[in-house]
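Trainee: I am new to this structure and would be grateful for a close look at a single part of it. Could you please choose one helix and explain how it sits among its surroundings?

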Amino acid sequence: MSASNSQYSTIEQIDEIYARVAQTWKSGVTRPLDYRRRQLLQLARMIQENKTLWEDAVLADLGKHRQECASTELGPTVHGALHAAENLEDWARPEKPKVDSWRQNWDATVYPVPKGTALLISPWNFPIVLTLLPLVGAIAAGCPVVIKPSELTPTVSALLARMIEQYLDPNAYVVIQGAIPETTKLLELRWAHILYTGSGRVGRLVAAAAAKHVTPVTLELGGKSPVIIAPDADLDLAARRVLFGKVQNSGQLCVTPDYVLVPTAIASDFKAAMLKAYASFFPINPLDAESQWSKIVNHAQYQRLMNLILTTKGTVIAGGVGDFRRRIATTIVSDVGLDDPLMEEELFGPILPIVEVEDVDAAISVVADRHSPLALYVFSNDETVKQKCLDRTNSGSLIFNDTVWQIVVHEMPFGGIGESGYGSYFSKNTFDVFTHRRSYCNMPAELEPFIGHRYPPYTDDSYKI
Ligand code: NAD
């Protein structure tokens, strides 16, 4: 880890920051819509005015190409902030539920109100967008926020701390840099909501800590997201789109295709299509300095992935090599068995196992027998296949004929099920995460003659149903 520990907050500083942000919440300053809108616009400016700085930071930590950083980290963040600023009025508008006529003068109203001070814990793989999109929703909802970015992307985390202090209200939105001890300290405190993005292992610790304070939690976790190739699929298209999903951030993406299930009858055609797509994506030597692939986040992860390549019983048909800059050429492995080491944990790297199965039913059965993934990708235009996948499997999202790009549809909730997490966010859904729908009535005194029968003493025939 290259972060200087001097940038980490001490336990005393965490207590001081917590008290300061709690005071801000109490003061009510984060509630007015004008304040929220100003902060959202500032957040968009914070990205737009410093595009190169953000790209440099991501390049330093993850070696990610500027184009990939702009399209997957910066663009969606700016869009998310502006979209929230534009729709704030609508999202925060009190609702009048339909009530029976005899309750119509009770003024029944549901007010979307901020829950209170929130904690965001974010991962390293998309260190900007996975920190700032949750923040956008919390600001829109009117919540102050303490943010704990990942210690594994220290340059981005330091930039987040500096920029958020400079552009946003420093009494309401604060970054705490640190690793496990600092996160553990944060988790001991009482929060109105915790949104955690990361591994299931840490997700369990977060949920257990939150339970002590009855704090609601959103867990955005990972898992092995499968791809099913049906016999009717356009194999060239499928190959390009599967490979696209795998090369984004070198497979260090929560919705990256983890493995492919392909019926034996079309397996060799699919492998040929994958190799064709591979050659067109990467016309130069994969480990060339000019190569545009993100590096693996740290040495431990690099070693884990290279060990998997060494120990698989499958056949490496593309890639299979790494270098001293922690880059691993996207690696396609065919003839992988369900008991292969590659099929155990989420790969979270540039390795794509291809597993042959008898037919689509067998593929569905493999998916249904495992933990519910964050995403399931199916390549088919056959309505029967589509319906079977809908009916017989479960996953955070189900996408036909592409990978990863479901995340571009911000209007849909993004989240997992089962081991891939619970709760969801994106766009208004993120506003909802940090919002309590508070029921309100104002009972008129004139009701007395009509409700007198509710008071004791009770009589046997006082209540008609
Ligand atoms: P991680 O769980 O290791 O770390 C995430 C955060 O938890 C970091 O801020 C870290 O400081 C903190 N943390 C780590 N260990 C801790 C401990 N023992 N106690 C308290 N806090 C601790 O996750 P990661 O490795 O950064 O991310 C990879 C995982 O996240 C993958 O499984 C991936 O699929 C998943 N992920 C999910 C999404 C999603 O939106 N669902 C997005 C990105 C990543």
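Mentor: What follows is an account of helix α12, with some remarks on the core, one loop residue and the ligand.

The model is predicted. The mean pLDDT of the protein is 95, and 97% of its residues reach 70 or more. For the complex, the predictor reports an ipTM of 0.94 and a pTM of 0.94.

Helix α12 covers residues 360-369, and within this helix V360, A363, I364 and V367 are buried. These residues are on the same side of α12, because they cover an arc of only 100° around the axis. The general reason lies in the geometry of an α-helix: with 3.6 residues a turn, residues three or four places apart point the same way. The face of α12 turned away from the buried side carries D361 and D369, which are exposed.

What do the buried residues of α12 pack against? Their partners include four strands, namely β7 (225-229), β8 (257-263), β11 (351-357) and β12 (375-379). A helix, α13 (383-392), is a further partner of these buried residues.

From the helix one may turn to the interior of the protein. The largest nonpolar core has 127 residues, and V136, I229 and V260 touch the most other members. Helix α5 (residues 129-141) gives this core its largest share, 10 residues. Leaving aside residues up to four places away in sequence, V136 touches L40, L43, G80, A81, A84 and T430.

The loop between α9 (235-247) and β8 offers another buried position, V255. V255 counts as buried because 25 C-beta neighbours lie inside 10 Å, where 20 or more are required. Its contacts, not counting residues up to four places away in sequence, are S225, L374, A375, V404 and I407. By contrast, R190 is 65 residues from V255 in sequence and 31 Å from V255 in space, C-alpha to C-alpha.

Lastly, there is the ligand, which is surrounded by 27 residues. The closest of them are P123, G198, V202, G222 and C254. By class, the shell has 12 nonpolar, 11 polar and four charged residues. Both α7 (180-188) and α8 (200-212) supply at least two residues of this shell, and the largest share, three residues, comes from α7.

To return to the helix that you asked me to choose, α12 has V360, A363, I364 and V367 as buried residues, and D361 and D369 are exposed on the face turned away from the buried side.

Technical notes. Residues numbered from 1 in each chain as written. Predicted model: local features only at pLDDT ≥ 70, side-chain atom pairs only at ≥ 80, totals over all residues. pLDDT = per-residue confidence, 0-100. Near = placed C-beta within 6 Å. Nonpolar A, V, L, I, M, F, W, Y, C, P; charged D, E, K, R; others polar. Buried ≥ 20, exposed ≤ 12 C-beta atoms within 10 Å, placed from the backbone. Arc of directions from axis to C-beta. Contact = placed C-beta atoms within 7 Å. Core = buried A, V, L, I, M, F, W, Y, C linked by C-beta atoms within 7 Å.
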